[in-house]
Amino acid sequence: MNNFESIIQFINQSPKTELHLHIEGSLEPELMFKLSKRNKVEIPFKSVEEIRSAYNFTNLDSFLKIYYQGSKVLINEEDFFDLTWEYILRCKQDNIVHTEIFFDPQSHLPRGVSFDTVINGIHKALKKAKDEFNISSKIIMCFLRHLDEESCFDVLNQACNHKDKIIGVGLDSSEKGNPPSKFKRLFEKAIAEGFLTVAHAGEEGPPEYIWDSLNLLKIKRVDHGVQCLNDEKLVEKLVKDQIPLTVCPLSNVKLCVFDKLENHNLKKMLDKGLRVMVNSDDPAYFGGYLNKNLIETSKALNLELLDVKKLIENSFKSSFLNDEDKKKWLKKIN
Ligand code: ADE
Ligand code: ZN
């Protein structure tokens, strides 16, 4: 077996965790089509192939437009269950043993879908995943940062009725022009209510958004964070405090953050001692689930087996699992 073949084998066989996955971003065209019929929701596509061929993005905003449009087929609890269950089957295929998933209630509530419908559908599928496959999970509710503070406070209040299911809150959607400072009071309230916090920062936006996410939003992890290499002081801080960065390579290429995977900065980040790991973000839109992200990135950046091991270890260390479970899985990798 050559070096690359043994890396692929390691990726396929190793237990893994995923920390950056939008459940609405795992809506495959086949299920979108099926739900549009089941719920009589019109979509501007005549076939699954037509949906796929619309997935050419030039930046984050060009993706978000299609992503929010796709989410409109999700109406009933059963839809959110089916969506989540399909992702869980992919987890099983990829040997993901623990996953921490985002959901975007603000893209459903204005369509008359209740918070309970969304969270209960997702949660029931995750419970079944634990019962049938022993796949564990956490749920993180994301605020849509292009919306105003009031709308975000409204969903935070609703999340407070589901503290048994939701471990934390995050910040996603259109980054540029929607700085973390806009949500300082919101995140203070979320923390006071006992939620952990994370935020998308430095995906397209500047390093200052990463600083502000750390200082104002008190985040435990940076989602993406690839722009941090443009600020030496920031890199120093992220390395010193071992702040996790949930990098999503195929997403970054699809959204033109990097022109090609060979030019992604993940290997540079690893070599600087940053606590990075690989995730799939919105796999139904970006062309691959976790193992494909790991395999293609390893190939494009000539990663060594030790690099790949480090990525997978970092992911377990950065998860919201308890220390005992982290130890158990880290031992299994080695
Ligand atoms: N929502 C879903 N995917 C996202 C991403 N990559 N960045 C920001 N918001 C998102
Ligand atoms: Zn994301």
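**Exercise 1. Determine whether Asp-281 is buried or exposed, and identify its partners.**

*Solution.* In this predicted model, Asp-281 has a relative accessible area of 2%. Buried means under 20%, so Asp-281 is buried.

The next step concerns the metal. Asp-281 coordinates the zinc ion (ligand 2) through OD, together with the NE2 atoms of His-20, His-22 and His-200, at 2.0 to 2.2 Å. Along the sequence, these donor residues follow the spacing H-x1-H-x177-H-x80-D. His-22 belongs to strand β1 (residues 16-22), whereas Asp-281 sits in the loop between β8 (275-278) and α13 (283-286); the pair therefore ties together parts that are 259 residues apart in sequence. His-22 is buried as well, with a relative accessible area of 4%.

**Exercise 2. Classify the geometry of the zinc ion (ligand 2) site from the angles among its four donor atoms.**

*Solution.* The angles range from 82 to 174°. A tetrahedral site with four donors requires all angles to lie between 85 and 135 degrees, and the range given here does not satisfy that condition. The site is classed as irregular.

**Exercise 3. Describe which residues surround ligand 1 and how much of ligand 1 the protein buries.**

*Solution.* The surrounding residues include His-22, Phe-63, Tyr-67, His-200, His-224 and Asp-281. Three polar side chains can then be examined in turn:

- Asp-281 has a side-chain N or O atom 2.7 Å from a nitrogen atom of ligand 1.
- His-22 has a side-chain N or O atom 3.4 Å from a nitrogen atom of ligand 1.
- His-224 places a polar side-chain atom 3.4 Å from a nitrogen atom of ligand 1.

Taken alone, ligand 1 exposes 260 Å², of which the protein buries 100%.

**Exercise 4. Establish how the ring of Tyr-285 is arranged relative to the rings of Phe-63 and Tyr-67.**

*Solution.* Planes over 60 degrees apart count as edge-to-face. For Phe-63 and Tyr-285, the ring centres are 5.4 Å apart and the planes meet at 75°, so this pair is edge-to-face. Phe-63 lies in helix α4 (residues 60-71) and Tyr-285 in helix α13, so the pair ties together parts that are 222 residues apart in sequence.

For Tyr-67 and Tyr-285, the centres are 6.1 Å apart and the planes are at 70°, so this pair is also edge-to-face. Tyr-67 lies in helix α4 too, and its pairing with Tyr-285 ties together parts that are 218 residues apart in sequence.

Relative accessible area is 2% for Phe-63 and 1% for Tyr-285, while Tyr-67 has 2% relative accessibility; each counts as buried. These residues belong to one aromatic cluster, which also includes Tyr-55, Phe-57, Tyr-68 and Phe-286.

Methods:
Residues are numbered from 1 along each chain as its sequence is written. Chains are lettered from A and ligands numbered from 1 in the order in which they are written. This is a predicted model: local features need pLDDT of at least 70, side-chain atom pairs count only at pLDDT 80 or more; totals for chains, interfaces and linings use all residues. Side-chain values use heavy atoms; hydrogens and water are left out. Donors are N, O and S atoms within 2.8 Å of the metal (3.2 Å for Na, K and Ca); water is not among the atoms, so sites may look incomplete. Four donors count as tetrahedral if all angles lie between 85 and 135 degrees; four count as square planar and six as octahedral if opposite donors are over 155 degrees apart and all others between 65 and 115; anything else is irregular. Helices (H or I, at least four residues) and strands (E, at least two) are DSSP runs, numbered from the N terminus. Buried means under 20% relative accessible area, exposed over 50%, partly exposed in between (1.4 Å probe, protein chains only). A residue is near a molecule or strand if one of its heavy atoms lies within 4 Å of it. A polar contact is a pair of N or O atoms within 3.5 Å; within protein, one must be able to donate a hydrogen and the other to accept it, and residues adjacent in sequence count only if both atoms are side-chain atoms. Accessible areas come from the Shrake-Rupley method with a 1.4 Å probe; for residues, only the protein chains shown count as cover. Rings of Phe, Tyr and Trp (its six-membered ring) pair if their centres lie within 6.5 Å; planes under 30 degrees apart count as stacked, over 60 as edge-to-face and the rest as tilted.
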